[in-house]
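Reader: I am new to protein models and would like to learn how to read one, feature by feature. Could you take me through this one slowly, giving the idea before the case?

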Amino acid sequence: MEDTTIFKISNKIKEIRKEKGITIQEVADRAGVSKGLISQIENNRTIPSLLVLINIINALNIDLNEFFKDFNSELDSGPVVVRKKDTYSPFEKESAIGFHYKRIFTSAMDSSTMDIVLLELLPDAQRPMVETEAYEYKYIISGQVEYIFNDQKISLEEGDSIFFNGRLSHTPRNVGSEKAVMLIVYFFENKK
């Protein structure tokens, strides 16, 4: 798949569901999957199988051709890829207040998909603990962040980084008085 296709799919599912006023639970019931799986797919935390994706599209009452009509290929970028900051794509994840994500670059490789994201974390930002179907690398560009896991809290500041299995329940918390900025790289393993 093209580098950003899986993320376009996730965003389009959420967009169509909201436009049609369908709840996550309704989509899950119609597609024969759990509400949690739909939420994870919409928030780029897991990649659906082809059968699940088709069931979700059918649950949204939209034709497959209609769903994929805007998925045109970009020209071959060659060995060097440049992304200007004004082309970063803002997106939302689950119930997160004060979390401002911008997708910088996504690329599918032989055995994984890499997603590079910029996160601005406001001082009063909050969200529940989450799990992701990816390994996660976080680099603190500015500010002070505490990474909370079930059994530990890790303090990070400008220049520090952390790498962990996103399947561990986690959430960041801005512990400073200014906005914190993090560069995030997600490594999703492609299932065979």
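Reader: Where does Ser169 lie?

Author: This is a predicted model, and in it Ser169 lies in the loop that runs between strand 7 (161-165) and strand 8 (170-174).

Reader: Does a place in a loop settle the matter of cover, or must I ask separately: is Ser169 buried or exposed?

Author: Ask separately, and compare the relative accessible area with the cut-off, since buried means under 20%. Ser169 has 16% relative accessibility, and therefore it counts as buried. Leaving aside residues up to four places away in sequence, Ser169 touches Met129, Val130 and Glu131, and also Ile148, Phe149 and Asn150.

Reader: Let me try the reasoning on a charged residue: where is Lys14 found, and why does Lys14 count as buried?

Author: Lys14 is found in helix 1, which covers residues 5-19. Lys14 counts as buried because its relative accessibility is 13%, and the limit for buried is under 20%. Beyond the residues up to four places away in sequence, Lys14 touches Glu42, Asn43 and Glu92.

Reader: How should I read the way two helices pack, for instance helix 2 and helix 4?

Author: Begin with the axes, and then turn to the residues that meet. The axes of helix 2 (residues 24-31) and helix 4 (residues 50-59) come within 8 Å and cross at roughly 120 degrees. That angle makes helix 2 oblique to helix 4, because the range for roughly perpendicular is 65 to 115 degrees and that for roughly antiparallel is over 145. The crossing of these two helices, helix 2 and helix 4, is right-handed.

Reader: Which residues of helix 2 and helix 4 meet?

Author: From helix 2 come Val27, Arg30 and Ala31, and they meet Asn55, Ile56 and Ala59 of helix 4. Glu26 is also found in helix 2, and it is partly exposed, with a relative accessible area of 34%. The C-alpha atoms of Glu26 and Ala59 are separated by 8.3 Å, although these residues stand 33 residues apart along the chain.

Reader: What can a backbone angle tell me about Asn61?

Author: Most residues other than glycine have a negative phi. Asn61 is not a glycine, and yet its phi is positive, at about 55 degrees. Asn61 lies in the loop between helix 4 and helix 5 (64-68), where it is exposed, with a relative accessible area of 55%.

Reader: How do I find the inside of the protein, and which residues have the most contacts inside the largest nonpolar core?

Author: In soluble globular proteins, nonpolar side chains tend to be buried together. Here the largest nonpolar core has 42 residues, and those with the most contacts inside it are Ile13, Ile56, Leu60, Tyr101, Tyr147 and Met182. A second, separate core is made of seven residues, among them Phe105, Met114, Leu118 and Val181. Tyr147 touches several residues beyond four places away in sequence, including Ile154, Leu156, Ile162, Phe164 and Met182.

Reader: How can I fit these pieces into the whole chain?

Author: The protein chain has five helices and nine strands, and from the N terminus on the helices come before the strands. Of its 192 residues, 44% count as buried. Among the contacts with a separation of 6 or more, 67% join residues 24 or more positions apart.

Methods:
Residues are numbered from 1 along each chain as its sequence is written. This is a predicted model: local features need pLDDT of at least 70, side-chain atom pairs count only at pLDDT 80 or more; totals for chains, interfaces and linings use all residues. Side-chain values use heavy atoms; hydrogens and water are left out. Helices (H or I, at least four residues) and strands (E, at least two) are DSSP runs, numbered from the N terminus. Buried means under 20% relative accessible area, exposed over 50%, partly exposed in between (1.4 Å probe, protein chains only). Contact means heavy atoms within 4.5 Å. A nonpolar core is a set of buried Ala, Val, Leu, Ile, Met, Phe, Trp, Tyr and Cys residues joined through side-chain atoms within 4.5 Å. Axes are lines fitted to C-alpha atoms, for helices over the stretch in contact, and angles run from 0 to 180 degrees between N-to-C directions. Angles under 35 degrees count as roughly parallel, over 145 as roughly antiparallel, 65 to 115 as roughly perpendicular and the rest as oblique. A crossing is left-handed if the near helix is turned anticlockwise from the far one by less than a right angle, and right-handed if clockwise.
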